[in-house]
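Please open the structure in your viewer and keep the sequence beside it, since this tour moves from the whole chain to a single side chain.

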Amino acid sequence: MRKIELGKTGEYIPVLGQGTWGIKSWRNKSYYEQWKNSLRRGIELGLTHIDTAEFYGHGTSEKVIGEIIAEVGRDELFITSKLFPIHLRYKTMKKAANKSLKRLGIKNFDLYLIHWPSRFTSIKKQMRVLEDLVNEGKTRYIGVSNFSVDQFIKAQKVLKNVELVNNQLHVNVTRQSYIFNSLPYYQENGITLTAYSPLGHNGYNDLAGEIRKNLEKIANAHNATIQQIAIAWLINHKNVISIPKALKVEHIEENTKAADIILTKEEISLLYNYNEISNTPESEVIIKN
């Protein structure tokens with residue numbers, strides 16, 4: 001599995017990880033065994049970055065991932081979790097982080113994020129929590145999720161001795177605005193963008209129109225599926241990793257192959273939706289080729 005540097009940390013993580021958004025709580029045993037089998041297979045294939053959050057399945061995702069960690073060993077994995085902004089006070093935010101660690105069965109996160117910006121809790125207070133968790137050894141790195149560039153800059157400014165290394169954003173070939181309007185800033189400043197839901201919410205099975213036609217054209221040239229091309233399109237941009245979710249082993253295996261697909265600049269540009277550009281011209285977006 002190809003790896004890239006996380007921010008400017010000097011640590012390299014897989015360009016593809018495993019997302020767990022949408023995992024349900026209160027399902028039968030076979031449901032969770034199927035999911036665990038997919039996680040195990042992904043780890044075997046090098047998808048050792050596993051992303052979760054306290055919000056996913058009301059803690060169920062973290063509990064199940066904790067079982068996987070106990071099986072394969074902590075050192076094999078890079079674990080990301082997220083703090084949901086329902087917690088308004090410093091003490092409750094710290095308590096929530098510790099509960100996540102307990103569900104995961106680990107002493108520290110590799111990466112811990114604020115899940116969403118909050119209208120009720122200041123960025124300064126949230127960053128104080130993250131910075132204290134780093135200083136206490138509860139997380140190695142910190143970042144945010146769903147923050148605008150302006151919010152990201154504000155968050156970084158209030159930190160004293162720690163840097164944000166990541167922003168996790170909803171971006172894919174049908175939702176491209178962050179590629180044009182946010183990614184250039186992160187590329188320039190050595191920050192990693194994690195693209196979640198890289199295949200939308202239904203795997204692009206019902207995708208139609210010009211974007212489908214262009215995906216199929218590129219897929220035929222690479223002997224790939226349109227889903228593999230959609231994922232490859234994201235991670236062929238500098239500083240971008242992705243965390244597709246898969247509940248079936250065969251989907252994990254298909255997703256993994258996307259990491260080996262190198263697209264030309266022409267193929268990447270063919271999939272751009274220039275209608276989503278606001279301020280940043282496409283020429284400022286750095287692709288890897």
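For the charges that come up on this tour, Lys and Arg count as positive and Asp and Glu as negative, while His and the chain ends are not counted. The model you are looking at is predicted.

Begin with the whole protein in a cartoon view, where the secondary structure comes to 11 helices and 10 strands. The radius of gyration is 18 Å, close to the 19 Å that the globule rule gives for 289 residues, so the protein is as compact as a globular protein of that length. If you turn the C-alpha trace along its principal axes, you will find that it spans about 50 × 45 × 30 Å.

Next, show the surface, which comes to about 13,400 Å² of accessible area, with 49% of it belonging to carbon and sulfur atoms. Then select the charged side chains: 39 are positive and 30 are negative, and the centres of the two sets lie 9 Å apart.

Now hide the surface and look inside, bearing in mind that 55% of the 289 residues count as buried. Which residues touch the most other members of the largest nonpolar core? Select Met127, Leu215, Ile229 and Trp233, which do so within a core of 85 residues. Helix H9, residues 226-235, gives this core its largest share, with eight residues.

Finally, centre the view on Trp233 and, leaving aside its neighbours within four places in sequence, display its contacts, which are Asn172, Val173, Gln176, Ile179, Leu263, Ile268, Leu271 and Tyr272. Across the protein, residues 24 or more positions apart account for 77% of the contacts with a separation of 6 or more.

Methods. Residues numbered from 1 in each chain as written. Predicted model: local features only at pLDDT ≥ 70, side-chain atom pairs only at ≥ 80, totals over all residues. Heavy atoms only, no water. Helix = DSSP H or I, 4+ residues; strand = E, 2+ residues; numbered from the N terminus. Rg over C-alpha atoms; globule rule 2.2 N^0.38 Å. Buried < 20%, exposed > 50% of the residue type's maximum accessible area, 1.4 Å probe, protein only. Contact = heavy atoms within 4.5 Å. Areas by Shrake-Rupley, 256 points an atom, 1.4 Å probe, with all protein chains shown as cover. Charge placed at Lys NZ, Arg CZ, Asp CG, Glu CD. Core = buried A, V, L, I, M, F, W, Y, C linked by side-chain atoms within 4.5 Å.
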